Amino acid sequence: MSDAPKIPQTEPRYSATFDKNTASEIRRAAATGIYDIRGAGAKRKLPHFDDLLFLGASISRYPLEGYREKCGTDVILGNRFAKKPIHLKTPVTIAGMSFGALSGPAKEALGRGASAVGTSTTTGDGGMTPEERGQSSILVYQYLPSRYGMNPDDLRKADAIEVVIGQGAKPGGGGMLLGQKISDRVAKMRCLPKGVDQRSACRHPDWTGPDDLEIKIAEIREITDWEKPIYVKVGATRPYFDVALAVKAGADVVVLDGMQGGTAATQEVFIEHVGIPILAAIRPAVQALQDLGMHRKVQLIVSGGIRNGADVAKALALGADAVAIGTAALIALGDNDPHLEEEYNKLGTTAGAYDDWHEGKDPAGITTQDPELMKRLDPVKAGRRLANYLSVLTMEAQVIARACGKSHLHNLEPEDLVALTLEASAMAKVPLAGTNWIPGVSQF
Amino acid sequence: MEAVTFDLEKTPLREVNQYLHSDAAELDGKTVTITNPGGTHNIAVGLKADVDVVIDGHAGYYAAGMNQVANVVIEGSAGTGVAENMMSGRVHVKGFASNAAGATAQGGLLVIDGDAGLRCGISMKGVDIVVGGSVGSFSAFMAQAGNLVILGDAGEALGDSLYEARIFVRGNIQSLGADCEVKPMDEEARQILVKLLKESGHADVDPDSFTLLGSARTLYNFHVDNAGAY
């Protein structure tokens, strides 16, 4: 028997570079030979609105009474050229999500929830469904590269038209709806054989570049007799130039979607590595509008990771006119709810992490075309939940605005904000908390 | 038949298009002639009435875009996206057509007497297109449904990533796109071709001089072994 002293063991150490998730993806790729496809937006930790704080009123500024003094929340969108601009009661809108990616009951619930609080919903690839039009008092019709289900009658039925150039989850990428979700109804709307993988083009088929876009926007205006606001939606990459070109092309409204914005299905590598966070995109976009003398004349809607009223208030303070929510709206409807944990486990995942929306097996009945699964979503109850959530977002934003002494959400301004990190300070162009330093703008 | 004439040098386009969007009953059976088009974009877009429109010269982008029901004749040539997303009716270009003619169109008949540029019939979804001359490269890219008849030659990558549209070509084909292949001319396809030749003023052309192309359907569902085809 050895009397040698026992040598202490170092705890096993995982590589920060090759962490468990990374290693498991390498094994999956090696086994299948194909990239990972999933739904949702960027999941990695990114500089975000959490890195900003509001400076409430004190001696130098006075606040407004929470329950007595008015703090307006309404917003008018599209009054640059459109004869019939949109008037929303809250600046929180529902982002474009397709029937096909989402079930019929989910689209209906979005319409019900949004209409209850006086805001808009948006169609997606695949066209407009009667349920959606019927339940949405204000409906924005997306005009996409694929033109699946694109119908001039629906164009005329819409309250606004959104020309989609790109989205934050995949700027420069087209859409994808795998065969599992191409049901009879989806196939008919998109004029495709049932069960085929639907590939959406990444570029519009009949125009390229900003000069063509100007003519395209003019065509849509002519067709709709200059009545409807025309939005242009871009994924956040080069926001200064994209916003300036959209304005030049004649947009009434620009929609800017950061990389946290969700998608129905795209390659993981695309979602996590292309595009920039919305925090980094808003100020350059606003700068472009200001340089053109069009801030507040062409409205800016931002999206990608809006979760609460503080995010809404911060986006508006940085210069946006409104925000759009997608992922958060789905969670409000019932997506990824812990009460379905057992069913998520059967799919090899867990509540809160389920993102294989393209497979069409969503136990919550939201991202599916399975007739049995979609029955699980009660559109009336889910719509109520969404309406409640939208109300909370609006009220939370008002709480912050009143604390900053603002009688309307649009009176929030960058001067109300400071940043907690250097990154956020540089991106949002507000001072690092406790200093007057904005990296890249002022000296420390 | 009542005739109405607009001179685009004197009347703004918006007024002309708004007139063409009048109640269908008011426009029914009328012939509207648009003179001095001068390559103006977006002429006669969004029509939805049984009206005859004659564009007496060259049209710019998107002439007769999203057409429904109406019969539009362009006496000259047409710019990019003529009859884009047409739903029904008939559009006849007597000259040549630029890029993306009939893009994403879901119905109706587009007749082009001359040549068509790049991407003719891109993403077509049910329209019939007859081109008297040749078509440029990438024509019928991702074409989903409908028929593209080409009396002349076709450029590169014809019918790339084709879904269920048919392509009839009489002349030479520079190259076929991914998943596009020659198909035997069955009777159903032959009858469609004969009908379209007749409707487009080419009844004297021998249908047996055409090659039929369709989808090989190997790319309908993604498989890693086909990755090189994309």
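This passage describes a sheet of chain B, a helix that packs on that sheet, and two loop residues with positive phi, all in a predicted model. Local features rest on pLDDT of at least 70, side-chain atom pairs count only at pLDDT 80 or more, and totals for chains, interfaces and linings use all residues. Residues are numbered from 1 along each chain as its sequence is written, chains are lettered from A and ligands numbered from 1 in the order in which they are written, and side-chain values use heavy atoms, without hydrogens and water.

In chain B, eleven strands (DSSP runs of E, at least two residues, numbered from the N terminus) form an open sheet with mixed pairing, in the order E1-E2-E3-E4-E5-E6-E7-E8-E9-E11-E10, where pairing requires at least two DSSP bridges between two strands. Strands E1 (3-7) and E10 (180-183) of chain B stand at the edges with a single partner strand each, so one side of each is left without a neighbour in the sheet. Neighbouring strands are turned by 15° against each other on average, direction ignored, with axes fitted as lines to C-alpha atoms.

Strands E7 (residues 125-131) and E8 (residues 145-150) of chain B run parallel and are joined by five bridges, and B:Asp128 has B:Asn147 in E8(B) as its bridge partner.

Most residues other than glycine have a negative phi. B:Thr104, in the loop between strands E5 (90-93) and E6 (109-112) of chain B, has a positive phi near 60° and counts as buried (under 20% relative accessible area, 1.4 Å probe, protein chains only) at 0% relative accessibility. B:Ala140, in the loop between E7 and E8 of chain B, has a positive phi of about 60° and counts as buried at 1% relative accessibility.

Technical notes:
Helices (H or I, at least four residues) and strands (E, at least two) are DSSP runs, numbered from the N terminus. Axes are lines fitted to C-alpha atoms, for helices over the stretch in contact, and angles run from 0 to 180 degrees between N-to-C directions. Contact means heavy atoms within 4.5 Å. Buried means under 20% relative accessible area, exposed over 50%, partly exposed in between (1.4 Å probe, protein chains only).
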